[in-house]
Amino acid sequence: MATKSQGCLWQICLVLLFPAGVMSLDCNLLRHQQSKFNWYSLQLLQNMGGKFPLECLEDKTAFQFPEKILKPKFLQQAQMSVHEILQQLFGIFSRNLPQTGWERRKVERFLNGLALQTERLEACLHAKGGSNILRLKKYFQRIQDFLKEKKYSTCAWEIVREEGQRCFQYIHKLTARMKN
C-alpha cells in the first residue's frame, strides 16, 4: 500500500511527464500544424487590407528574399528559418500601424496567431542562429527601412502586407521540407 507521500510523488512525476509528452507530440505534428497555420495566417493577412490600391503600384519594390534558405539541408534549419520569419513578421506588423486603416481586430488576430505559432516552434527548436538567420534579418531590415523611408504610409503598408503574403508562401516551401 502506497503512503500518502508516495502517492503525491507519483502525481508530481505525472504532472512533469505530461508536458514533455505533449511537447513531443506537437513537434511530431509540427509540419501538419504549420501547414494549417500558414493557410490561416495568409487568409488573415489578405483580409486585413482588402484589394491592393492601384495608386500604390509606383511604390512597389523588390525586397530580395534570400532564396538560399528555401533549400535547407536539415530539418532544424527549416524550423529555425520559419521561426525567424514569424518573429520578424510579428515585429513588423506590431508597430506603427495607425496609417493603415486596417481593422484592429483583424490585426490582433493575425498577431496572436503569429505569437502562438512562434511559441510552438520554440518548443521544438534545439539550436538558434546560423547564416540563414542572418540573411533573413537583413531581408526584414530592408522591409523596415522601406517602411521608415516611406514614413509608414498606407501604400508602404500595403506593399509590406503583400510581401508578408509572399513570406507565407516561402514558409509553405520550408514546411514542405520538414520531414518527421
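Read from one end of the sequence to the other, the chain runs α-α-α-α-α-α, with six helices and zero strands in this predicted model. Of its 180 residues, 41% are buried. The accessible surface amounts to about 10900 Å², and carbon and sulfur atoms account for 57% of that area. Contacts reach far along the sequence: among those between residues at least 6 apart, 89% join residues at least 24 apart.

A good place to begin looking inside is the largest nonpolar core, which has 41 residues. Within this core, I85, F93, F110, F140 and F168 touch the most other members. At least two core residues come from each of α2 (30–49), α3 (75–93), α4 (104–124), α5 (131–149) and α6 (154–176). The biggest contribution is that of α6, with nine residues. In soluble globular proteins, nonpolar side chains tend to be buried together. The surroundings of F93 can be followed residue by residue: apart from neighbours within four places in sequence, F93 is in contact with L45, M48, W102, V107, F110, L111, W157, V160 and R161.

The helix α4 is worth a closer look. Its 21 residues span 31 Å from the first C-alpha to the last, close to the 30 Å expected at 1.5 Å a residue. The buried residues of α4 are V107, F110, L111, G113, L114, Q117, T118, L121 and C124. These residues lie on the same side of α4, because the arc they cover around the axis is only 155 degrees. On the face turned away from this buried side, α4 carries the exposed residues R104, R105, N112 and E119.

Note on methods:
Residues numbered from 1 in each chain as written. Predicted model: local features only at pLDDT ≥ 70, side-chain atom pairs only at ≥ 80, totals over all residues. Heavy atoms only, no water. Helix = DSSP H or I, 4+ residues; strand = E, 2+ residues; numbered from the N terminus. Buried < 20%, exposed > 50% of the residue type's maximum accessible area, 1.4 Å probe, protein only. Contact = heavy atoms within 4.5 Å. Areas by Shrake-Rupley, 256 points an atom, 1.4 Å probe, with all protein chains shown as cover. Core = buried A, V, L, I, M, F, W, Y, C linked by side-chain atoms within 4.5 Å. Expected span 1.5 Å × (residues − 1). Arc of directions from axis to C-beta.
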